[in-house]
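Colleague: Could you take me through one part of this structure slowly? I'd like a close look at the open sheet and whatever packs against it.

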Amino acid sequence: MRTNQQTSRHGGRQHGSHPVLVLALLLALALAAGWLYTAAAEGEIALPSLFSRHREPPEMPDWVTVDLLTVNEYSRPGIGLETVNGIVIHYVGNPGTTAQANRNYFESLAESGETHASSHFVIGLEGEIIQCVPLDEIAYCSNDRNSDTISIECCHPGEDGAFTQETYASLVKLVAFLADYYDLGRDQVIRHYDVTGKLCPLYYVKHEDAWEQFKDDVFGT
């Protein structure tokens, strides 16, 4: 007697697709994708570059002075920054210098060629913020993270690397603005130290509690 079930060459029964299993798998994938999205949005995890999306740079607010470097191979190579997966915080390592002096040093490299160095932003001792490199171009600041991060250099009055209150307030304000625009979470704001092990920014490497407080201040937690 014929039935609707057929026997395979190896004696087992051949079955059609299993719609319940397929639906269960699709549901599991959807739930996993939803968890990843929520966790990334809340800063619990940092999604890799594969999940990043390109965004045009924001219009800078009036509390940022735009003073771009000229395009040159040593400090502003003009190489595109395709995605922004993080923000890297630095200190200038040259106590008592101003934001303008550090910006001008980057500019001078076009002539001297002594090294490759720059930053997207420099924040001064009185809280002034200078943008040196457009946010859709790389800066020479964060080693192998140059290609997917925005860099911020901070001036400091002393050898310990501690920022003034004005510098700190401007840093919190700038990072909060950028993190909101680029949908970055807490773990995507890092120190130069977290990239290379260099003691930069010095004070926030030696004082982990201060670094965590800084991120609390940025993200409001």
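Modeller: Sure, here's a walk through the sheet, strand by strand, and then on to the helices beside it. Keep in mind that this is a predicted model. To get your bearings, the chain has six helices and eight strands, and from the N terminus on they run β-β-α-β-β-α-β-β-β-α-β-α-α-α.

Six strands make up our open sheet, in the order β3-β6-β5-β7-β4-β8, and the pairing is mixed. At the edges you'll find β3 (65-66) and β8 (189-191), each of which pairs on one side only. Let's zoom in on the β8 end. There, β8 pairs with β4 (residues 86-91) in the parallel sense, over three bridges. If you want a spot to click on, try I87: it stands opposite V189 in β8.

Now for the helices. Helix α2, residues 99-112, packs on the sheet and touches β5 (121-123), β6 (129-131) and β7 (149-154). Compare directions and you'll get about 150° between α2 and β5. Back at the β4 and β8 end, helix α6 (residues 208-219) lies across those two strands, and it runs at about 155° to β8.

Zooming out, here's how the whole chain looks in numbers. Of its 221 residues, 42% count as buried. Take the contacts in the chain with a separation of 6 or more: residues 24 or more positions apart account for 73% of them. As for the outside, the chain exposes about 12,500 Å², with carbon and sulfur atoms supplying 52% of that.

Technical notes
Residues numbered from 1 in each chain as written. Predicted model: local features only at pLDDT ≥ 70, side-chain atom pairs only at ≥ 80, totals over all residues. Heavy atoms only, no water. Helix = DSSP H or I, 4+ residues; strand = E, 2+ residues; numbered from the N terminus. Buried < 20%, exposed > 50% of the residue type's maximum accessible area, 1.4 Å probe, protein only. Contact = heavy atoms within 4.5 Å. Areas by Shrake-Rupley, 256 points an atom, 1.4 Å probe, with all protein chains shown as cover. Pairing = 2+ DSSP bridges. Axes fitted to C-alpha atoms, helices over the stretch in contact; angles between N-to-C directions.
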